[in-house]
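Subject: The model, and what turned up in it

Hello,

Here is the structure I promised to pass on. Have it open while you read, as the notes below go through it part by part.

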Amino acid sequence: MNAHQRSRDVRAGRLDADAYKDLFSDLHPPLDDHEAHVEADRCYFCYDAPCMTACPTSIDIPMFIREISTGNPLGAAKTIFDQNIFGGMCARVCPTETLCEEVCVRETAEGKPVKIGQLQRYATDTAMAEDKQFYTRAASTGKKVAVVGAGPAGLACAHRLAMKGHDVDVYEARPKAGGLNEYGIASYKTPGGFAQKEVDYITAIGGIDMHYGKALGADITLSKLAEDYDAVFLGMGLAGVNALGDADADAEGSLDAVGWIGDLRQASDISTIAVGARVVVIGGGMTAVDAAVQAKGLGADEVTIAYRGPKERMKASEYEQEIAKVRGVSIRYHMNPKRMIVTDGAVTGMEFERDGSTVVVECDQVMKAIGQSFAPDSAGNIALDGGRIAVDEEGKTSMAKVWAGGDCVNAGDDLTVTAVSQGRDAAESIHRALSA
């Protein structure tokens, strides 16, 4: 039976309750006190530590690990938060295997790095569980700053500005803060509503007012913000979704992977999310892996990641690819999308070109995870670079009083940790400008 004839099978409730609980449980259960101390003792506490250089936020990794080893997890948490207020989320979702842990001396010597990410989580979770706030607002400066976007870049900027005594209004298009931390990361990486707990922890410093349902270009304008505020920071991420071009089709079962992950993240009962018996995910990044693994977790029989390039060019790390394979996902390389096979208005297969031949993969759903794009109309006349907002080394845009950071700028790698560093550094630049 070919893709044109096979009946589609898309439904919810494929598994029992215990199976959902197991498949969507914490990817890395947290270290207990004993495990954390044993792991911390493996660190050499290197001078000019390569792990610290590899961290986009320049966390003093040897310092915080030493603090854990001496029984001071709160001190370790402060060392982390001083550089990265999203240290808890980054401990969960950062590709540490290609950043700090990849250059760990233990890794290069023994092939087994210190578990830096899990130690960071141990410290930050301890502080958050005790609601230990390390920062207080400075005396009010009387200055007001508008932050557009309540993702990692925007909230990192807002928190640092609040520390300096500035009043901050955050405008967010969606009904919740967190950005992709809330809407775009696999549930098994951040279970238990962690993204919102972290938002609450960060905004508890005070001086940060949240305004939801306010999209730049539709509900608020940049020119008006620049007129009403002493400074503006743009951290609204990427609103557009890349399509497959001629291979795409407007059909039932043709899905945007980021949107699908967001729906799953917001569902109060994941068993109500429908998934096909056979799913194809097109892309090669972490979003593709997140979508594929979760589709398998919802009970899909066959899930295939189809990537147009070779294995070594996939943006998803070897570790992420291994997660997918262990969970039963098939990854196929050199799969160039040619057309979506549609029968009676619904997807029944995907046709690819591979090594000069045609390959058809039968499926009930096609999830597109080929990246997002910036919607330039929202930013008015600000200069762009490579389709995103152009900024200098301090995050300044071509428009006076306006800074930008995170995925909407062409100066990073679309990682949470990089967005945090850009928001933090822009806040310092804004503070210098407002203090001049």
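Below is what was found, one region at a time. Please keep in mind that this is a predicted model.

**The aromatic group around Phe-81**

A search through the whole structure gives 4 aromatic pairs. In one of them, the ring centres of Phe-81 and Phe-134 are 6.2 Å apart with the planes at 45°, so this pair counts as tilted. Phe-81 belongs to helix H5 (residues 73-83), while Phe-134 is in the loop between helix H8 (116-129) and strand S2 (144-148), so the pair ties together parts 53 residues apart in sequence. Phe-81 and Phe-134 are both buried.

Phe-81 also pairs with Tyr-201: here the ring centres are 5.5 Å apart and the planes are at 40°, so this pair is tilted too. Tyr-201 sits in helix H11 (residues 194-203) and Phe-81 in H5, so this pair ties together parts that are 120 residues apart in sequence. Like Phe-81, Tyr-201 is buried. Put together, Phe-81, Phe-134, Tyr-135 and Tyr-201 make up one aromatic cluster.

**Ala-77, also in H5**

Ala-77 is another residue of helix H5. Its relative accessible area is 0%, so Ala-77 is buried. Apart from neighbours within four places in sequence, Ala-77 contacts Ala-123, Thr-124, Ala-127 and Phe-134. That last name, Phe-134, is also one of the members of the aromatic cluster. For a sense of distance, Ala-77 and Ile-430 lie 353 residues apart in sequence, and their C-alpha atoms are 26 Å apart in space.

**Helix H9**

Does the length of H9 agree with what 1.5 Å a residue would give, or disagree? The 12 residues of H9 (residues 152-163) should span 16 Å, and the C-alpha atoms at the two ends are 16 Å apart, so the two agree.

H9 is also well covered: 11 of its 12 residues are buried, so the helix is largely enclosed by the rest of the structure. The buried residues are Pro-152, Ala-153, Gly-154, Leu-155, Ala-156, Cys-157, Ala-158, His-159, Arg-160, Leu-161 and Ala-162. Just after the helix comes Gly-165, with a positive phi of about 100°.

**Asn-181**

Asn-181 is part of helix H10 (residues 180-183). Is this residue buried or exposed? With a relative accessible area of 2%, Asn-181 is buried. Setting aside neighbours within four places in sequence, Asn-181 is in contact with Phe-86, Met-89, Pro-152, Ala-195, Glu-198, Arg-265 and Thr-416. Among these partners, Pro-152 is one of the buried residues of H9.

**Two arginines over rings**

Arg-66 lies over the face of Phe-45, at 4.0 Å from the centre of the ring. Over the ring of Tyr-188 sits the charged end of Arg-327, at 5.2 Å from the ring centre.

**A sheet of three strands and its two loops**

3 strands form an open sheet, ordered S12-S13-S14, with antiparallel pairing. Strand S12 (336-343) and strand S14 (357-362) are the edge strands, each pairing on one side only. From one strand to the next, the twist averages 25°. Strand S13 (residues 346-354) pairs with S14 over 6 bridges, in the antiparallel sense. To find your place in that pairing, look at Gly-349, whose bridge partner in S14 is Glu-362.

The loops of this sheet are worth a look too. Asp-344 lies in the loop between S12 and S13. This residue has a positive phi of about 50° although it is not a glycine. Asp-344 is exposed, with a relative accessible area of 81%. In the loop between S13 and S14 you will find Asp-355. Its phi is near 55°, again a positive value in a residue other than glycine. Asp-355 is exposed as well, at a relative accessible area of 63%.

Happy to talk any of this through once you have had a look.

Best wishes

Conventions. Residues numbered from 1 in each chain as written. Predicted model: local features only at pLDDT ≥ 70, side-chain atom pairs only at ≥ 80, totals over all residues. Heavy atoms only, no water. Helix = DSSP H or I, 4+ residues; strand = E, 2+ residues; numbered from the N terminus. Expected span 1.5 Å × (residues − 1). Buried < 20%, exposed > 50% of the residue type's maximum accessible area, 1.4 Å probe, protein only. Phe/Tyr/Trp six-rings, centres within 6.5 Å; stacked < 30°, edge-to-face > 60°. Lys NZ or Arg CZ within 6 Å of the ring centre and 35° of its normal. Contact = heavy atoms within 4.5 Å. Pairing = 2+ DSSP bridges. Axes fitted to C-alpha atoms, helices over the stretch in contact; angles between N-to-C directions.
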